[in-house]
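Biologist: Thanks for sitting down with me. Could we go through this structure together, one question at a time?

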Amino acid sequence: MKWAILETGGKQYRVSPNQSISIEKLPNIKAGDTVFFDKVLLLDDGKELKIGSPYLEGVSIEATLEKEGRAKKISVVHFKSKTRQHKKRGHRQPFMKIKIAG
């Protein structure tokens with residue numbers, strides 16, 4: 001595999017071997033575990049380009065979970081004019097950092 005496009009968490013990622021990317025959190029996985037992504041949309045091996053409709057059959061991409069964490073905090077403010085009513089909340093999006101197998 002030279003590079004591929006995979007889908008996880010409702011998003012699509014362009015990945016290549018030994019690349020680290022941050023993805024949406026996956027359930028029941030701990031650091032060091034191996035993950036297989038079977039929703040591969042496109043695969044380029046340097047000689048041939050394979051395009052799925054929508055996914056390629058019999059193709060999966062292996063990755064190792066490096067760490068999981070939470071992103072920086074963002075402030076979410078709800079404000080209603082004329083009533084002096086407001087709410088301020090923070091949010092930290094969970095993520096997982098994976099490394100694509102080479």
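**A buried aspartate and its surroundings**

Modeller: Happy to, and please keep in mind that this is a predicted model. Asp 44 makes a good starting point: leaving aside residues up to four places away in sequence, Asp 44 touches Met 1, Lys 2, Trp 3 and Leu 49.

Biologist: Is Asp 44 buried or exposed, and what is its relative accessible area?

Modeller: Asp 44 belongs to strand E5, which covers residues 40-44. Buried means a relative accessible area under 20%. Asp 44 falls below that cut-off and so counts as buried, with a value of 14%.

Biologist: How far apart are the C-alpha atoms of Asp 44 and Met 1?

Modeller: Along the chain, Asp 44 and Met 1 are 43 residues apart. Met 1 is also among the residues that Asp 44 touches. In space, their C-alpha atoms are separated by 6.1 Å.

Biologist: Which side chain forms a polar contact with the side chain of Asp 44?

Modeller: The side chain of Asp 44 reaches the backbone nitrogen of Gly 46 at 3.1 Å, but that partner is a backbone atom. The side-chain to side-chain polar contact has a distance of 2.8 Å, and the partner of Asp 44 in it is Trp 3.

Biologist: What is the nearest side chain of opposite charge to Asp 44, and how far away is it?

Modeller: A salt bridge needs a nitrogen-to-oxygen distance within 4 Å. Asp 44 is buried yet has no salt bridge. The nearest side chain of opposite charge is Lys 2, at 5.4 Å.

**The salt bridge**

Biologist: How many salt bridges does the structure hold, then?

Modeller: Asp 44 has none. Lys 11 and Glu 24, on the other hand, meet through their side chains in a salt bridge, at 3.0 Å from N to O. For the structure, the count is 1.

Biologist: Which strands does the pair of Lys 11 and Glu 24 tie together?

Modeller: Lys 11 is partly exposed at 38% relative accessibility, and Glu 24 is partly exposed at 23%. The two residues are 13 apart in sequence and lie in separate strands, so their pairing ties together E2 and E3.

**Sheets and a hairpin**

Biologist: Which strands stand at the edges of the sheet with the order E2-E1-E5-E6?

Modeller: This is an open sheet of 4 strands with antiparallel pairing. Within it, E1 (residues 3-8) is joined to E5 by 4 bridges, and Leu 6 has Val 40 in E5 as its bridge partner. An edge strand has a single partner, so one side is left without a neighbour in the sheet; that applies to E2 (11-15) and E6 (49-51).

Biologist: What is the average twist from one strand to the next in the open sheet with the order E3-E10-E7-E4?

Modeller: That sheet also has 4 strands and antiparallel pairing. Its edges are E3 (20-24) and E4 (34-37), each with a single partner strand. From one strand to the next, the twist averages 45°.

Biologist: Which residue in E10 stands opposite Ile 21?

Modeller: E3 and E10 (residues 94-100) pair in the antiparallel sense over 5 bridges. Opposite Ile 21, in E10, stands Ile 98.

Biologist: Which residue in the turn between E8 and E9 has a positive phi?

Modeller: E8 (residues 74-80) and E9 (residues 85-91) run antiparallel and are joined by 7 bridges, with Val 77 and Lys 88 as one of the partner pairs. They form a hairpin with 4 residues between them. The turn residue with a positive phi, of about 70°, is Lys 82.

**Backbone exceptions**

Biologist: Which peptide bond is cis, with omega near -5°?

Modeller: Most peptide bonds are trans. Look at the loop between E6 and E7 (61-70), where Pro 54 has its place. The cis bond runs from Ser 53 to Pro 54.

Biologist: What is the phi of Asn 28, and is that residue buried or exposed?

Modeller: Most residues other than glycine have a negative phi. Asn 18, in the loop between E2 and E3, has a positive phi of about 65° and is exposed at 53%. Asn 28 sits in the loop between E3 and E4. Its relative accessible area of 78% makes Asn 28 exposed, and its phi is near 60°.

Note on methods
Residues are numbered from 1 along each chain as its sequence is written. This is a predicted model: local features need pLDDT of at least 70, side-chain atom pairs count only at pLDDT 80 or more; totals for chains, interfaces and linings use all residues. Side-chain values use heavy atoms; hydrogens and water are left out. Buried means under 20% relative accessible area, exposed over 50%, partly exposed in between (1.4 Å probe, protein chains only). Contact means heavy atoms within 4.5 Å. A polar contact is a pair of N or O atoms within 3.5 Å; within protein, one must be able to donate a hydrogen and the other to accept it, and residues adjacent in sequence count only if both atoms are side-chain atoms. Lys and Arg count as positive and Asp and Glu as negative; His and the chain ends are not counted. Two strands pair if DSSP finds at least two bridges between them. Axes are lines fitted to C-alpha atoms, for helices over the stretch in contact, and angles run from 0 to 180 degrees between N-to-C directions.
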